[in-house]
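Here's a report on the ligand site, the pockets and a few backbone oddities of one model. Have a look at the structure, then read on.

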Amino acid sequence: MSPATPIITLGEPLIELSEIDSTNMYAMEQIHAQKALSGSVYQTDFQTNGKGQHGRIWESHRGENLLCTYILELNALKQGKNWVPSEQLGLSAAVALGAQAFFMEFAGEETKIKKPNDIYWRDRKAGGILIENMVKSDRWGKAIIGMGININQTTFDTIEGKPVSLKQITGKSFDPISLAKELCQHLEHRFLVLENKPFDQLLSAYNNQLYKKDELVPFKRNNIQFQAKVNGVDKDGHLLIMHGVEERIRFGEITWLL
Ligand code: BTN
């Protein structure tokens, strides 16, 4: 196998579902029924119970956006010497980088990754990622990688994250199915990096695309507002901010005021 050969082919098969509760839930059911192959992608026009991060709902108008779930057999990455399953950050970073590169292809360089794996264009959220069921203790399992990326929708029911779509950015409409296939290429490329290159290389690529990197950002902690410079994300997934001294921030410790 040449070093550039993908170890995982994504999008074969690509299963189109006109309506489903959630592509992540459907993918999980297929795994439990032993019907899911690694590389399968489930795409839908509409979700009746789309899942967002932290128990939130993911809303999307019918047929307008990219709503899909990729199944990845983590075992397929096992051949690599640089990655172990306990390093979940690696997979999360690889997926975020793939999604960011995909969106940037159409929306340009102002596309960034907001930690851990939101896709932002300027100060607005263009897409979200929900990775579930990755690894139990040291056992290799399947990752369920759900993506919701705003494509043709121009009005939003939520104000959270100030949503934006590709159509609002470019003035053009796109075919979500073609884009789901396009996204596969970007993800495959990043999985190759995850498997074959040192983790530091992936982390450095992730930090290069990090939202607000090296900028002063208003934050809030325990009801106190302050400004700090975003230095990056470390190998344990902590946000590093410069506020007098460099601090390692755990999830939920501070709120972004943007
Ligand atoms: C987030 O809250 O930012 C993550 C949103 C992930 C939404 C996608 S849409 C396709 C897949 N199926 C789901 O139910 N959720 C993910």
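Which of the 20 residues around the ligand come nearest? They are S22, Q47, K51, Q53 and K125. Keep in mind while looking that this is a predicted model.

**The ligand and its contacts**

Three of those residues also turn up in polar pairings with the ligand. Here they are side by side.

| Residue | Protein side of the pair | Ligand atom | Distance |
|---|---|---|---|
| Q47 | N or O atom in the side chain | nitrogen | 2.9 Å |
| Q53 | polar backbone atom | oxygen | 2.7 Å |
| K125 | N or O atom in the side chain | oxygen | 2.7 Å |

So how much of the ligand does the protein bury? Taken alone, the ligand exposes 410 Å², and 99% of that is buried by the protein. As for where the ligand sits, that's the largest pocket.

Now for the shell around the ligand, element by element. Helix 1 (23-32), strand 3 (66-73), strand 6 (124-132) and strand 7 (142-149) are the elements that give two or more residues to this shell. Strand 6 supplies the largest share, four residues. In terms of class, the shell divides into 11 polar, six nonpolar and three charged residues.

**The largest pocket**

Zoom out from the ligand to the pocket that holds it. The volume of the largest pocket is about 1100 Å³, and 49 residues line it. Nearest its centre lie Q53, R56, D118, K125 and E160. Q53 and K125 are also among the residues that come nearest to the ligand.

Elements that give two or more residues to this lining are helix 1, strand 3, strand 5 (118-121), strand 6, strand 7 and strand 12 (255-256). Which strand gives the most to the lining of the largest pocket? That would be strand 6, with four residues. The lining's make-up is 18 nonpolar, 18 polar and 13 charged residues.

**The second largest pocket**

There's another pocket to check out. The second largest pocket has a volume of about 420 Å³ and a lining of 20 residues. L89, S92, K115, P116 and N117 are the ones nearest its centre. Helix 2 (88-107) and strand 6 are the elements that give two or more residues here, and strand 6 is on the corresponding list for the largest pocket too. Sorted by class, the second lining has 10 nonpolar, seven polar and three charged residues.

**Backbone oddities**

A bit of background first: most residues other than glycine have a negative phi, and most peptide bonds are trans. With that in mind, a few spots deserve a look.

Which residues does the cis bond with omega about 0 degrees join? K115 and P116, both of which you've just met among the residues nearest the centre of the second largest pocket. P116 is placed in the loop between strand 4 (111-114) and strand 5.

Another cis peptide bond runs from E12 to P13, with omega near 5 degrees. P13 belongs to the segment before strand 1 (14-20).

Finally, try K212, a residue other than glycine with a positive phi, near 65 degrees. You'll find K212 in the loop between helix 5 (199-208) and strand 8 (216-221).

Notes
Residues are numbered from 1 along each chain as its sequence is written. This is a predicted model: local features need pLDDT of at least 70, side-chain atom pairs count only at pLDDT 80 or more; totals for chains, interfaces and linings use all residues. Side-chain values use heavy atoms; hydrogens and water are left out. A residue is near a molecule or strand if one of its heavy atoms lies within 4 Å of it. A polar contact is a pair of N or O atoms within 3.5 Å; within protein, one must be able to donate a hydrogen and the other to accept it, and residues adjacent in sequence count only if both atoms are side-chain atoms. Accessible areas come from the Shrake-Rupley method with a 1.4 Å probe; for residues, only the protein chains shown count as cover. On a 1 Å grid over the protein atoms alone, a cavity is a set of points where a 1.4 Å probe fits but cannot get out, and a pocket is an open set with protein on both sides within 12 Å along at least five of seven lines; lining residues have an atom within 4 Å of a point. A molecule sits in a cavity or pocket if more than half of its atoms lie within 2 Å of its grid points. Ala, Val, Leu, Ile, Met, Phe, Trp, Tyr, Cys and Pro count as nonpolar, Asp, Glu, Lys and Arg as charged, and the others, Gly among them, as polar. Grid points are joined across faces, edges and corners, and a volume is the space filled by probe spheres set on the points.
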